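Here is a short report for a first look at a structure. Please read it alongside the sequence and the 3D view.

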Amino acid sequence: MTKMIKRLIIFFLFIYILLSGSMVCFAGTVSTDINGIDDTLYPGVKAKIQALQAQYPNWIFKVEYTDLDWNEVINGEHQGHGAGNSARNLVPANNASYAGLWICEICGEVYYDTGKWYCASIEALEYMIDVRNSVNKTDVFQFLELSSTEDYSNNETVKTKLREMAATTDYLDEDCINAIINAANTYDVNPYYLMAKIIQEQGYTTKTLIAGNGYKGQYIGVYNFFNFGASGNTEESVILAGLAYASSQGWTSKEISIEKGAALIAKNYIVKGQDTLYYQKFNVIGPNNLYQHQYQQNILGAQSEGTKLRKIYLQIDPDLSGNYVFTVPLYKNMPASACPRPSTTEKHKETTELLMGDVNQDNTVNIIDAVALINYLNGQNEVSENGILASKVTGRNDVSIVDAVCLINYLNGDAVFAVNSIKTGTLIQNTNVTLSKSPNGGIIYQASKDASIKILSLGDTLVNNNYWDLIVTSKGYYGYIPRGSWK
Ligand SMILES: [Zn+2]
């Protein structure tokens, strides 16, 4: 009997551990208690939501406590740099509105996708992901819940509005509208969202992927309204990939493409909890594929689709007085105030050659680019020859640093290491290596695998089961990495 009780206790303990363990994996809790948002933990969010509620009393707001750390989210989205990779976030290339600090500090002006995109910077991610920048009248529709269980079969008001919207394009006919209604009913998706999505993907005129004419004699008679699978590095490869995908799915009419595409959107995103445009772009819902499984790489995707969706709602509900439901995610350790819009005129500092000078036995180091060094150390101010580094400017772009230890200490706070012990190495991890401010964390930078590095000091204390070595990358970034990640 006692044995039985013991077994039962062990059994329930096991179940409890199992359940409490799995709770950690799930996305955070959702709350409608806006007034209860702790302003010290999530500064400024409550005020933003309440301002909208005051203006639109029928709107319903939920906040989702994701339990994710802000820096971890930004780092998770700042991945996929370098040739042959698929950057998780891109900004439009050669576009004055997204220049300067919008462009990735690692990749620089390297083209991605169709050659129309650059990799996005940390600053761009911080600005776009910070909900305080988008809980406003114009941008809030990226938080709109996209699921809907309403039956639209006999809803003539909705059909009429969809027809008006369809009339703004040259390709959406009555069959397409019926397909949208059917898909909305079958897959519990909002029909206006489907309409907005098609127009977002295709624009207002017929494109190759929905013309049914194939491409260069291939894939005639297939349609891909939501651009599924349409990715590649040239325009032609994008088109061919999109048509090949449609062909593989048997999307042989406009209606089939819309209904089956909507089914995929529902199945792939909405059913999985990614039921806002924000969550489809920034997957902070997980739990198994955080920062992956994202509908598009375009960092502006959620915002631009959200404003398109809002425009559609404005046409059917001019004062937006409907009972719209919005879900806004919250992160732990958010910055004290909203992250600023990245400057388009400033640039990330070019540090490539900055610290790659020769380290001499007598603790002097020749810095190749003195101008970059001086800018780096002093912002835009000049430093005198008798300044902190006792530098000697030997030519327009040359400077001899008398005291290399002094220089390196200056750049690294209190880190102390012997300059003469500097070795070179290579990062060997399969994924990019995170440089931390200290062995305890604080992400500085993502270094690419295979990148050459210099090892400045070898850690001698175990922190989180690792020895942490201080390194500098070939681009001049300093930080700590675990011992096993270089050779
Ligand atoms: Zn990058």
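The text below covers a sheet first and a helix second.

**The sheet**

This is a predicted model. One open sheet holds three strands in the order β1-β2-β6, and their pairing is mixed. β1 and β6 are the edge strands, so each pairs on one side only. On average, neighbouring strands of this sheet are turned by 25 degrees against each other, direction ignored.

β2 and β6 run parallel, joined by seven bridges. Val63 has Val328 in β6 as its bridge partner. Lys62 stands opposite Thr327, also in β6.

Is β6 largely enclosed or open? Six of its eight residues are buried, so β6 is largely enclosed by the rest of the structure. Helix α3 lies across β2 and β6 and runs at about 85 degrees to β2.

| Strand or helix | Residues |
|---|---|
| β1 | 29–31 |
| β2 | 60–69 |
| β6 | 325–332 |
| α3 | 70–77 |
| α6 | 174–187 |

**Helix α6**

How far apart are the end C-alpha atoms of α6? They are 20 Å apart. The helix has 14 residues, which should span 20 Å at 1.5 Å a residue, so the two values agree.

Several residues of α6 are buried, including Cys176, Ile177, Ile180, Ile181 and Ala184. An α-helix has 3.6 residues a turn, so residues three or four places apart point the same way. The buried residues of α6 pack against three helices: α5 (156–166), α7 (191–202) and α10 (254–270). Just after α6 comes Asp188, with a positive phi of about 60 degrees.

Definitions and conventions. Residues numbered from 1 in each chain as written. Predicted model: local features only at pLDDT ≥ 70, side-chain atom pairs only at ≥ 80, totals over all residues. Pairing = 2+ DSSP bridges. Helix = DSSP H or I, 4+ residues; strand = E, 2+ residues; numbered from the N terminus. Axes fitted to C-alpha atoms, helices over the stretch in contact; angles between N-to-C directions. Contact = placed C-beta atoms within 7 Å. Buried ≥ 20, exposed ≤ 12 C-beta atoms within 10 Å, placed from the backbone. Expected span 1.5 Å × (residues − 1).
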